[in-house]
Amino acid sequence: MAGLVIGALSGTAAAQTPPAPAPAKAAPVKPKPAAPDPAFEAARAAFEALPEAERKGLQEALVWTGEYNSVVSGAFGRRSYEALQAYAARKGTGGMPDAAARAALLQEGAAARKAAGFTVKPDATSGAVLGVPERILPKRTAQPGGTRWQSADGRITLETKSFAPGETGLEAVFARVTGPSPERRVTYKLLRPDFLVVTAETPTGKSYIRYAAGAAGLRGITLGYDKALAGEVDRLAIAIANSFVPFPDAVPAAASGPVAAAPAPGALSAPAPLPAPVRRAAPIATGLVVAPGRVLTGAAALAGCRSPAVAGLPARVVPGAGTDLVLLESASLAGRTPVLPALRAGALAAGEGLVVLGAEAEGVAVAPAEAGAAGARITAPLQPGAGGAPVLDRSGSLAGLVAAFPAAPRLVAGVVPPASYALVPAGTVAAFLGQAGLTPPAAAPKTGAGTLGGAAASLSGAVVAVTCQP
């Protein structure tokens with residue numbers, strides 16, 4: 001979920017009627033698991049049988065050939081599968097590339113990388129390690145705390161920047177790079193305790209900003225370029241983001257070796273972006289605690305999960321009618337204050353401003369959104385796990401829930417750009433809750449600025465992450 005992680009806040013209890021107890025002998029109703037994809041599983045088995053260095057090399061080669069736009073980690077997922085399929089289709093073959101095809105892919109990627117003059121090495125001024133397409137950005141100048149590279153025509157600029165410990169903080173940098181501007185629109189923003197990512201657009205340009213915090217202070221990169229060059233530079237942005245290591249001295253020697261040494265001929269390797277230190281289970285859906293021990297979420301968001309969990313403890317699907325929504329019941333919610341928000345009465349207008357509250361492993365993230373035509377969809381920069389997330393209108397009323405999040409979202413430079421998502425409307429939510437014996441309060445009147453922020457803060461305390469147990 002794009003947005004500022006605000007953590008778990010204390011919610012305010014709303015007037016509600018306790019749900020009727022489920023029949024004693026009623027069997028739990030669980031979503032049907034998604035049917036396995038034999039082709040995908042066969043490709044996974046073949047890919048994971050390869051050495052890690054070759055897996056990473058293939059992913060990076062696919063970045064340079066234009067088929068892959070995600071993190072180079074060596075792990076197989078839907079994006080890797082689709083990239084390999086796209087490469088095979090372009091070559092007129094099919095299935096997982098054999099040894100000869102993999103060698104050809106590595107060579108093609110190496111040739112594209114060489115044509116750009118892409119070199120991964122330390123930047124002495126900032127202290128970070130990153131890859132720079134030196135043939136595309138031949139102009140190099142020093143600047144306070146970093147280095148600037150530019151294209152000959154000045155339409156592409158890459159900069160590094162560093163700050164000493166105590167000189168500034170991530171929050172201050174985040175506030176500066178996301179500040180309002182009439183000519184600049186922030187398209188993605190994410191602030192974590194140890195790093196931030198922000199993308200933005202102007203009428204003629206695009207930018208990608210990433211900063212990380214460590215014992216040595218702050219170190220970051222900024223890439224800005226002409227929109228007319230996006231087709232080529234978006235690919236470079238992914239390669240640069242994958243190569244960026246802000247604090248190479250903090251990386252174990254075994255992992256930092258490929259950074260200092262030049263890659264072998266025909267091999268492609270680059271360090272993955274600095275991972276977040278929190279290693280909690282990633283949510284598959286977002287839930288809203290609407291009654292003691294009970295969570296409302298989207299049915300489609302749980303598709304394929306036979307054993308959902310809330311706060312790490314098993315949850316069961318409460319029997320009840322409805323194809324779009326489900327109620328989960330879990331003992332892990334003891335002591336969690338439920339919030340039954342007011343539901344919006346009227347339809348959403350196209351372009352109407354909204355906000356989405358999505359659960360993440362370490363808290364709740366708030367993302368701006370806009371209503372689509374007929375109010376059936378929203379456009380927002382969401383992250384995996386946003387299926388079932390509550391959507392608020394400007395008065396603070398619940399406009400609906402995000403129906404589902406795609407299994408393989410489109411990524412640009414490691415982030416999810418704004419996309420269109422189906423909305424479970426407030427009317428459907430009201431009918432479902434009514435069947436469960438819950439009656440939301442009347443919609444709040446529009447009282448001006450500040451209402452939405454307060455509603456989001458109070459509601460976030462009832463937003464929980466739903467995970468899937470193996």
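**Exercise 1. State which charged end sits over the ring of Phe 40, and place that ring among its aromatic partners.**

Solution. The charged end of Arg 78 sits over the Phe 40 ring, 4.2 Å from its centre; the criterion is NZ of Lys or CZ of Arg within 6 Å of the ring centre and within 35 degrees of the ring normal. The model is predicted: local features need pLDDT of at least 70, side-chain atom pairs count only at pLDDT 80 or more, and totals for chains, interfaces and linings use all residues. Residues are numbered from 1 along each chain as its sequence is written, and side-chain values use heavy atoms, with hydrogens and water left out.

Next, take the ring pairs. Rings of Phe, Tyr and Trp (its six-membered ring) pair if their centres lie within 6.5 Å; planes under 30 degrees apart are stacked, over 60 edge-to-face, the rest tilted. The count comes to seven aromatic pairs. Phe 40 and Tyr 81 have ring centres 5.2 Å apart and planes at 75 degrees, so this pair is edge-to-face. Phe 40 belongs to helix α1 and Tyr 81 to helix α3, so the pair ties together parts 41 residues apart in sequence. Helices (H or I, at least four residues) and strands (E, at least two) are DSSP runs, numbered from the N terminus. Finally, ring pairs link Phe 40, Phe 47, Phe 76 and Tyr 81 into a cluster.

**Exercise 2. Determine how many residues of α2 are buried, and what they pack against.**

Solution. Helix α2 covers residues 52-65. Buried means under 20% relative accessible area, exposed over 50%, partly exposed in between (1.4 Å probe, protein chains only). By this rule 10 of the 14 residues of α2 are buried, so the helix is largely enclosed by the rest of the structure. Those residues pack (contact: heavy atoms within 4.5 Å) against α1, α3, α4, β2 and α6.

One of the buried residues is Trp 64, with a relative accessible area of 3%. After α2 comes Gly 66, whose phi is positive, near 95 degrees.

**Exercise 3. Identify the polar contacts made by the side chain of Ser 126.**

Solution. Ser 126 lies in the loop between β2 and β3 and is buried at 4% relative accessibility. A polar contact is a pair of N or O atoms within 3.5 Å; within protein, one must be able to donate a hydrogen and the other to accept it, and residues adjacent in sequence count only if both atoms are side-chain atoms. The Ser 126 side chain makes one with the side chain of Asp 123 at 2.7 Å, and reaches the backbone nitrogen of Ala 128 at 3.3 Å.

Key: Expected span 1.5 Å × (residues − 1).
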